[in-house]
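Thanks for coming, everyone. I have one structure to walk you through today. Please look at the screen.

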Amino acid sequence: MPFDANSFGVVALAAYQPDLELFAAQLRSIQQQTHSNFLCVISADGGSEQIRDFVDQELPGDERFQVIGFEDRLGFFGNFERALRNVPSEAEWVALSDQDDYWYPSKLEVMLPHLQNASLVSGQARVIRLPGNEVITSSTQRKNVDLDALLAQNQVTGSLAVFRSDLLDLALPFPRLNTVSQVHDHWLAVCAKSSGGVAILGDVVQDYVQHGGNVLGEVGAQKSIFASFQHLVALSRKYEGSASPISILKTAHGLSFGWRRVMADTLFARVTPAVRGFEAGIAPFRSGHRWTTTLRTLVTGLQRGDIAVPCFVEFLAGMPLELVNRGKRLVTRPGQTGKAEKNVLLTKLLRREVPNDKKQSQVSNLGATSSYRGKIAIVLPGFSKYPIGGYKVVYGYANFLAGRGYEVTLIHALLLWGAKRRDKDFRRPISSVISGLRPFRKPKWVDLDTRIRSYTLPYLMPAMLPRTDYLVATEVQTAKLVEKAARRQGIPASYFIQHYEDWSADPEFIDATWKLPIRKIVIAPWLQAHMRSLGEECDLVPNGIDPEEFPAGPPLSERAYDICAMISDVPWKRADLVVQVLNSQVSNKSGVRAITFGTGERPISLHSAVKYIKNPTKAEIRSAYQSSKLYLCASDGEGWHLPPAEAMSSGCAVVSTDIGGVRAYAENGALFSRVGDASGLEQNIELLLNDHQLAEKLAARGLSDMRENSPTKAAANFEAAVTRGA
């Protein structure tokens, strides 16, 4: 079929209470098209008399413009569908029109020939803002993308599109979902992509007018992440009647997964025969989609620029309810025994649920020295592929509990319900989704018991937590979520506090979580003192250092290095101070040798004589401790700092800033100086390097103190605190 100057088609225009000045300009721009063989069907939503009178007044005698009117109000989605249902059968093509734009005279003439090779053709537009005709951009940046990316984010604006009339056989009737995101042009675009293809031209064919009355606007597509969240809240208030967290999540789910699933499922039912790549294209959003496929599509689209950050954020916000909806595990709420309830577990992740007839055999395999004691779920603030002291402690307790007969589940999530972060790091949503691409992975830097389940989720809310006997929060941002989930399930919850985390949240928020009605467990006396100042009680469970992991090394006199230190990019650990002190020692003191380690790159300013080990193994860390006389800590604050304790267990003396997280265990094995005092640290280093007897004495005291609290004793105290009174 040649789409030439003689081809007949329909311009479908949806109208509802238009701005009459803009409407007149739109009508005239259509009337003045150089391709003149068309019928313009104007569907007036909610009444037609005013529209019909205005069209007759503005375009007297032009019979190509016909108004069809209906008293019922359907909204723009239903109104466009109604206009398309009235396209006459002899039409070869259809163009969509808004009521307030301006078409360039050659628009149809430029676009129609391209329908020879595609089901739908889209041009570009100059975007202007009223009042004042301010040019926002000289051209939109629509582009041709694969079907999966097109489902994720629409690249076709209806007023810029022309399509073959036979596309209506596939597109009508429109699928339905009660959400603002159900838009006619998105549906027509994916229909075309699934059949005869989509062509995106670089030609600017019209002005796209932005004003206060736009239902959907071009400017909105360029929102910042913060503005996107504000927009989401506004839509939640409008469509859900509330801005509560669950209302916002429902709105986000409809905007993202809900509408895409409706389109993908409808396409799957209607498209025959399928074009090449069709099933793979709709797979990320169909009912029963695989999360790895979905997340890969979203992340890849974001990286390629096929999916904008605001759209990505909408998917991120829609994930919690999608996770719940996708879950397969049924639970019974307290007082409703025998009744299957809606899934509130970890989503599809726990589709790996063990059949009932196999559970008893699993319990019997928990270990010869243990009996089944119940379930414990521990929530951590995201997954880390590098060693973190606080995580190491939690993982150690998880191993102990698994060995004791508990069914332990570790749940990592970076975005958490109830969180109130101090910073506005907008990389966090992206990082959380990327982490969620590998939901079952376990950290490689620690040996986790094989019986422990470990999950990494992009987002976590109370209803998603598994049915368990005990819940444990491990960081300030996890506390409110765990407390809420425990109340829902009617079970004990504990809050394991390893620091006063004022880098993560404001003090008011931290103190509020410390006052939550759940058990509190702290690791250092200074944390206990602050807890009591808030009128709260807590259990003190100091960490234990494993003498088998960090055994005492040779006498100090036989050690090759004088100073050992960790270098971290965490601000309060003061890498700058460590480098300053070490550089001074190796530069000004003849024969002083130093060894350092860390997970980042070697600091550029670190003296070349100082050895640096990047991403050290356990053996390399142990060797660094055992081959050094002193360990240097320059932190501004720590909860219960593991590296100096590990060094003491390895026979080092310690020089540290005077912080509660070291003084908690090193009163007898360290020399202290004021926080931030480089000269004080240097003086103490020089004192110990020159007074070998004092250094040996401190090292011996520190080693003795480390042996008093073993990891097994600490883990047993942790278990007792978590399960007490259950």
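I will start with the whole chain, then take the sheets, and then some helix contacts.

One thing first: this is a predicted model. The chain has 726 residues, and buried residues make up 56% of them. There are 25 helices and 22 strands. The accessible surface comes to about 30,700 Å². Carbon and sulfur atoms hold 49% of that surface. Now take the contacts in the chain with a separation of 6 or more. Residues 24 or more positions apart account for 71% of them.

Let's go to the early part of the chain. Look at strand β9, residues 198-210. Strand β5, residues 102-103, runs antiparallel to β9, and 2 bridges join them. Tyr102 has Asp207 in β9 as its bridge partner. Strand β6, residues 120-129, also pairs with β9, but in the parallel sense, over 9 bridges. There, Val127 has Tyr208 in β9 as its bridge partner.

Stay in this region for one residue. Leu188 lies in helix α7, residues 184-193. Is Leu188 buried or exposed? Its relative accessible area is 1%, so Leu188 is buried. What does Leu188 touch, leaving out residues up to four places away in sequence? The list is Leu84, Leu96, Leu120, Phe163, Leu167 and Ala171. One distance as well: Leu188 and Leu172 are 16 residues apart in sequence, and their C-alpha atoms are 9.4 Å apart in space.

Next, a sheet further along. It is open and has 7 strands, in the order β12-β11-β10-β13-β14-β15-β16, with parallel pairing. Which strands sit at the edges? They are β12, at 453-460, and β16, at 539-540, and each pairs on one side only. Within the sheet, take strand β13, residues 470-473, and strand β14, residues 493-497. They run parallel, joined by 3 bridges. Val472 has Ser494 in β14 as its bridge partner.

Two helices to point out here. Helix α14, residues 389-403, packs on the sheet and touches β10, β11 and β14. Its direction makes about 155° with that of β11. Helix α18, residues 525-533, packs on the sheet too, touching β14, β15 and β16. The direction of α18 makes about 145° with that of β15.

Now the other open sheet. This one has 6 strands, in the order β19-β18-β17-β20-β21-β22, and the pairing is parallel. Its edge strands are β19, at 611-614, and β22, at 670-673. Each of these pairs on one side only. On average, neighbouring strands are turned by 20° against each other, direction ignored.

Let's step across part of this sheet. Strand β20, residues 628-633, pairs with strand β21, residues 653-657, in the parallel sense over 4 bridges. Cys633 stands opposite Ser656 in β21. Then β21 is joined to β22 by 4 bridges, and those two run parallel. Val654 stands opposite Ala670 in β22.

Where do the side chains of β22 point? Ala670 and Phe672 point one way, Leu671 and Ser673 the other way. That fits the general rule: in a regular strand, side chains alternate between the two faces of the sheet. In β22, all four of those residues are buried.

Last topic: helix α24, residues 692-708. We will look at it with two partners.

The first partner is helix α23, residues 678-690. The two axes come within 5 Å and cross at roughly 100°. That is why α23 counts as roughly perpendicular to α24. On the α23 side, the contact has Leu687, Leu688, Leu689 and Asn690. They meet His692, Leu694, Ala695 and Leu698 in α24. By class, that contact has 6 nonpolar residues, 2 polar and no charged ones.

The second partner is helix α21, residues 642-649. Its axis and that of α24 come within 8 Å and cross at roughly 110°. So α21, too, is roughly perpendicular to α24. Here Ala645, Met648 and Ser649 in α21 meet Gly702, Leu703, Met706 and Arg707 in α24. What classes make up this contact? There are 4 nonpolar, 2 polar and 1 charged residues.

That's the tour. Back to the screen for discussion.

Note on methods
Residues are numbered from 1 along each chain as its sequence is written. This is a predicted model: local features need pLDDT of at least 70, side-chain atom pairs count only at pLDDT 80 or more; totals for chains, interfaces and linings use all residues. Side-chain values use heavy atoms; hydrogens and water are left out. Two strands pair if DSSP finds at least two bridges between them. Axes are lines fitted to C-alpha atoms, for helices over the stretch in contact, and angles run from 0 to 180 degrees between N-to-C directions. Angles under 35 degrees count as roughly parallel, over 145 as roughly antiparallel, 65 to 115 as roughly perpendicular and the rest as oblique. Contact means heavy atoms within 4.5 Å. Ala, Val, Leu, Ile, Met, Phe, Trp, Tyr, Cys and Pro count as nonpolar, Asp, Glu, Lys and Arg as charged, and the others, Gly among them, as polar. Buried means under 20% relative accessible area, exposed over 50%, partly exposed in between (1.4 Å probe, protein chains only). Accessible areas come from the Shrake-Rupley method with a 1.4 Å probe; for residues, only the protein chains shown count as cover.
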